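Here is a short briefing to read alongside the model. Have the viewer open and follow the topics in turn.

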Amino acid sequence: MHKGMVIRKNEYHDSVFLMRVAKRISEQEGILQAVLFMGTEKNKGFLAEIGFTAGELAPASPGDLILAVEATTPEILTDVLKNMDGWLQPEPGSGTAAAVRSLDEALTRLPRANLAVISVPGFYAAREAQQALERGLNVFIFSDNVPVESERALKEYARERGLIVMGPDCGTAIIGGIGIGFANVVRRGPVGVIGASGTGIQEFTCLVHQAGSGISQAIGIGSRDLSDELGGISLLCALEALEKDNRTETIALLSKPPGPLALSNLLPKILQCQKPVVVCFLGGKKEPAPPDRLFQQARTIDEAVALAVRNVQGQLPPDFSSTAGDLEVLVSRERRAMNPSQRYVRGIFAGGTFCYQAQQIFNDAGLAAYSNAPIAGNLRLSDPLQSKEHSLVDMGADEFTAGRPHPMIDSRQRRERLLAEAKDPMVAGILLDFLLGFNSAADPVGELAPAIAEAKGEFKKRGGFLSVVASVCGTDGDPQSLCEQVARLEAEGVVVLPSSARAARFAAMLALQLKGGLSDVR
Amino acid sequence: MSDKFKELLEQGPQVINIGVQDFAANLQIQGVKVVQLNWVPPAGGDREMMDLLDQLL
């Protein structure tokens with residue numbers, strides 16, 4: 001194995017571009033690993049962990065670009081490192097960025113701009129956001145790792161000036177029918193949604209679309225907005241806006257459970273809203289609140305969709321009426337060819353919220369599961385790389401994405417994990433999620449399909465059967481096409497269910513049946 | 001309710017994109033007016049120099 005690196009002084013490229021280039025390099029013959037990123041302390045820490053020395057890393061500053069490669073031969077290594085300019089060529093059709101160097105210059109080019117979308121490294125994001133707010137722009141901050149005190153200062157500043165800060169760590173919004181960040185192409189309609197999680201918003205908006213309704217606005221508020229430190233500043237701003245928005249007839253609110261102080265402050269305000277509000281605090285309990293036709297609570301995202309769609313259409317969408325009995329038939333069919341040693345389910349998630357929701361569904365069914373991101377009452381995996389018993393793993397968590405692409409962009413790590421799980425003869429089921437839409441991988445199912453076939457083949461050889469269940473979050477309007485992605489999975493013998501919650505219920509039911517328990521999975 | 005946020009919801013976004021260029025490209029595909037800022041880390045990423053520059057400007 002041969003390792004080497006190149007540092008280019010004062011050269012910046014955005015993180016998504018760099019991930020894509022690193023992926024292309026990794027796919028070359030003889031390349032074991034390739035990372036391409038800016039020389040921040042965190043990134044240098046990652047390179048130190050994989051064996052680069054302090055002396056090699058010392059010259060790199062946060063404003064410098066690093067390409068680090070492990071290759072099978074010194075010749076391949078040299079060739080890759082020498083071709084830095086070639087790798088960094090813009091992709092065909094990507095266009096070239098106009099040479100706009102400052103926010104003020106950008107504003108002279110687009111004087112009616114009303115939103116700054118910020119996705120620079122977290123270290124710089126608050127500074128850029130403050131400058132945008134000072135110029136009267138609303139702000140969408142995709143970046144994470146923004147200090148909580150900076151987030152609070154930005155949100156308070158915005159509130160005083162009639163602006164909103166969506167984020168930090170905001171993956172998705174749909175504003176006036178336009179998808180921002182990782183968003184799907186959905187119909188416009190009367191359902192408004194406010195969400196602390198990007199994948200949660202994606203799932204909700206796609207399911208509302210599948211149910212025949214549509215989205216007025218989807219407003220991301222960032223993962224920490226409902227914490228006690230933030231108190232739901234952006235949530236309240238969004239709620240007030242949607243209450244007055246003529247297009248919005250009902251409002252859904254998706255988040256992990258708020259902090260206790262934030263909740264006691266927010267709940268009375270939510271209860272006062274003059275439009276029906278569906279609240280889904282994933283992983284939490286239902287809040288004690290007076291029965292009220294305007295305040296409804298859901299345990300899962302698909303339940304929140306059903307309530308919201310019923311609020312605007314008067315009845316539940318037909319596809320939402322399938323029962324535990326329907327799933328049971330599917331589970332029994334999948335179990336038929338399994339051998340007695342197969343007992344456990346392994347979830348390998350791209351969407352952190354889906355991992356979280358699946359854990360809740362397992363808990364509600366009386367099943368304990370291990371996770372690298374356990375919810376209250378679950379067990380932490382001592383080694384995130386090594387599953388135990390039932391394991392539900394968030395592959396988008398920091399330990400998997402430091403220095404490596406997020407699974408929504410590149411499935412390599414999920415592919416490797418799937419093949420590793422297939423070596424464990426005690427595994428009975430694999431639970432997967434796929435996310436389509438703007439900015440996601442061009443063919444997420446295609447990247448995993450060969451590994452699914454290989455994993456299923458391993459079990460067949462051993463005289464068993466591997467059940468693979470998946471959900472695909474997307475629509476036929478998305479660049480990747482839901483219909484084609486689902487068809488590809490079904491061709492590999494995957495059970496494809498219409499929501500992440502339903503796929504998790506299937507997996508929980510499989511686990512219960514293998515344990516000989518009751519199929520009480522709702 | 002806030003005017004500028006209300007305007008954004010009613011009129012739809014016109015965007016200044018600071019960072020990931022794919023975000024700008026996918027907004028343009030949807031017919032949105034976007035200006036991409038050719039962003040580089042201020043002061044080469046040197047925090048002290050950045051603070052100093054902010055004070056001067």
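## How the two chains meet

In this predicted model, 59 residues of chain A are in contact with 39 residues of chain B. Together the two chains bury about 4600 Å², with 64% of that area on carbon and sulfur atoms. They also share a sheet, with the strand order β6(A)-β5(A)-β4(A)-β1(B)-β2(B).

**Across the interface**

- Between chain A and chain B there is one salt bridge.
- That salt bridge brings together the side chains of A:Arg20 and B:Asp22, at 2.5 Å from N to O.
- Counting pairs with both residues at pLDDT 80 or more, 18 residue pairs are in polar contact across the interface.
- On the side of chain A that touches chain B, the elements giving two or more residues are α1 (15-26), α6 (103-109), β4 (115-118), α7 (122-134), β8 (178-181), β10 (215-220) and α10 (233-244) of chain A.
- Sorted by class, this side of chain A holds 34 nonpolar, 16 polar and nine charged residues.

**The shared sheet**

- The sheet is open, has five strands and is paired in parallel.
- Its edges are β6 (165-166) of chain A and β2 (34-37) of chain B; each has a single partner strand, so one side of each has no neighbour in the sheet.
- The link between the chains is made by β4(A) and β1 (residues 15-18) of chain B, which run parallel and are joined by four bridges.
- If you would like a residue to centre your view on, try B:Ile16, the bridge partner of A:Ala116 in β1(B).
- B:Ile16 also has a bridge partner in β2(B), namely B:Val35.
- Within chain B, strands β1(B) and β2(B) pair in the parallel sense over four bridges.

**Backbone details in a chain A loop**

- A cis peptide bond, with omega about 0 degrees, joins A:Gly167 and A:Pro168.
- A:Pro168 sits in the loop between β6 and β7 (172-175) of chain A.
- A:Asp169 is placed in the loop between β6 and β7 of chain A too.
- Phi of A:Asp169 is near 60 degrees, a positive value in a residue other than glycine.

**Confidence in chain B**

- The average pLDDT of chain B is 86, and 84% of its residues score at least 70.
- Where in chain B is confidence lowest, and where is it highest? Helix α3 (residues 47-56) of chain B has the lowest mean, 69, while β1(B) has the highest, at 97.
- So far as the sheet goes, β1(B) is the strand of chain B that bridges to β4(A).

How values were computed:
Residues numbered from 1 in each chain as written. Chains lettered and ligands numbered in written order. Heavy atoms only, no water. Contact = heavy atoms within 4.5 Å. Buried area = accessible area lost by both parts, 1.4 Å probe. Salt bridge = Lys/Arg side-chain N within 4 Å of Asp/Glu carboxyl O. Polar contact = N/O pair within 3.5 Å; in protein donor to acceptor, adjacent residues only side chain to side chain. Nonpolar A, V, L, I, M, F, W, Y, C, P; charged D, E, K, R; others polar. Pairing = 2+ DSSP bridges. pLDDT = per-residue confidence, 0-100.
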